[in-house]
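Dear colleague,

I am handing over the structure below, together with notes on what was found in it. Please read them with the model open beside you.

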Amino acid sequence: MRTPMAFPLNFMKIDGIRTIVVRNAPILIILINFMAYVPGVLHLFRSSELSTHMKKSGLYILTLSLALLLVGCSDKKSEKTAGKQRGPLISFSALPKTVRSPKDNPATEEKALLGKLLFYDPILSGNKDVACATCHHPNNGYAEFLDISIGVNGKGFGSKRGFNVPNDIPFVKRNAHSVLNTAFNGIGVQNDYDPETAPMFWDDRAKSLEKQALEPIKALEEMRGRGFSETEILDEVIERLQAVPEYQKLFGEAFPGEEISAENLAKAIAAFERTLLANNSRFDAYMRGDPEAISISEKEGFEQFKKVGCANCHNGPMFSDYKPHVLGVPENNKLPAPDGGVSDTFAFRTPTLRNLRFTAPYMHNGSLKDLRQVLEFYEDISFGRERNPSVSKQHFDPFVRELQLSVKEMSQIISFLNTLNDADFDKEIPVSVPSGLPVGGHIQ
Ligand code: HEC
Ligand code: HEC
């Protein structure tokens, strides 16, 4: 069903042609049968050696009819499945201007302020060398410069970040998401979302920002290190916070009458993350009614994006269905073993396409370094070329097989993706943190 590059047909047209073939298949069969019989019948009158000729042409007619019937049927079937695949409502809209919070963690300025200081404070890590901001820094759009992160026992920032020597801490096995707009994770095409069950991580394994916030503290290579076990680390961190007078004061203001606890630590960080919004891209302005906000060629790129099938998975205001799909992204060879994603199926969650300008490299393991490489990867897999030895093409997501890309469309799509960047997010870094440790961890 691949169309020649020079005549890119859109889905509507393809459906049109298919419908003509399918609907009119019976008429076509009768017509062809008739055309095949006429010479055969004429031949009958002229020739005496009926048998072999007639057998042959009879057989030919029968095969042809059967083949046509089959084509008709299988096409009907593929049309049905294709219809089903394109079934989910695909639409786009601007991001909401305001954010919802869970019922048991309403947003307050006190919580957000406390959460911000905690986010930059390496006191939360076993060896006091890593903060959330180490891997989610505003200078990198709250994501990470590296393909896969270096947490514990690392030093330096951006391209200069590496492990101290000696080192026995592994790389974090995945590429760090941006924390920008994670307040909207799980948002659907109708702008519906539930902050209490918002999916987090490349495999959607944590639900809500509150639940996510304690995970990196417990992870050996991200923040915990070898000094504490997974069951000890949170108690250790809470004790440390209780010993800092400024934290006592700030927690008291954010959670009046309550103790400093792991639960409130998570709530404060989540409340801060809900302030990290980038919801005023040019695309948002366009969707809110300013037709001039994006250029004509970017509008064409948007049309291509929908036409070639990107929108089957990247849809809604975040450009993500938040569902797992198997694409077979190349492995990152810094890692000792293949990453099986969701329950070892090699599926990963569709990421947002917002703010890509700040968050290269791409994919769950940062194995593709720019958008061109991403689009070339899609072209490869849509032709059935396998880029990951653990994932054969039979396992590719059905939507992948529908993708149809040409080089021209690639550049248009890339220019459209640029309309989804919003550089106007909170870039203010605290001058100091209550523990007195280096702001953001060992990133100097
Ligand atoms: C050493 C680097 C590192 C540190 C430190 C770190 N993260 Fe992450 N973060 C990552 C990586 C890598 C992922 C993706 C992991 C995955 O999906 O399996 C991630 C994912 C996330 C996500 C999920 C976003 C989404 O869209 O699903 C959030 C939210 C987040 N981190 C917040 C935090 C917070 C809060 C802290 C501090 C308590 C923190 N991170 C510390 C590297 C880090
Ligand atoms: C079958 C669903 C599906 C389709 C169709 C699809 N994507 Fe994706 N996209 C994903 C998933 C899943 C990932 C993450 C894969 C991984 O990391 O293993 C992804 C990753 C990406 C990324 C990397 C983002 C980041 O932050 O790392 C970009 C960019 C992207 N897709 C753009 C596109 C474009 C453009 C198209 C159309 C040509 C497209 N996608 C079609 C599901 C899809």
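**Helix H14 and the two ligands**

At 1.5 Å a residue, the 12 residues of H14 should span 16 Å, and its end C-alpha atoms are indeed 16 Å apart, so the two agree (the expected span is 1.5 Å times one less than the number of residues; helices are DSSP runs of H or I, at least four residues, numbered from the N terminus).

This is a predicted model, in which local features need pLDDT of at least 70 and side-chain atom pairs count only at pLDDT 80 or more, while totals for chains, interfaces and linings use all residues. Residues are numbered from 1 along each chain as its sequence is written, and chains are lettered from A and ligands numbered from 1 in the order in which they are written.

In H14, Leu371, Val374, Leu375, Phe377, Tyr378 and Ile381 are buried, that is, 20 or more other C-beta atoms, placed from the backbone, lie within 10 Å of their own. They cover an arc of only 155 degrees around the axis, which puts them on the same side of H14 (the arc is that of the directions from the helix axis to the C-beta atoms). After H14 comes Gly384, whose phi is positive, near 80 degrees.

H14 also gives the largest share, 4 residues, of the shell around ligand 2. Of the 28 residues around ligand 2, Cys310, Cys313, Tyr362, Met363 and His364 come nearest, where near means a C-beta atom, placed from the backbone, within 6 Å.

Around ligand 1 there are 26 residues, and Cys132, Cys135, Gly151, Phe201 and Pro216 are the closest.

Best regards

Terms used
Helices (H or I, at least four residues) and strands (E, at least two) are DSSP runs, numbered from the N terminus. A residue is buried if 20 or more other C-beta atoms lie within 10 Å of its own, exposed if 12 or fewer, and partly exposed in between; C-beta atoms are placed from the backbone.
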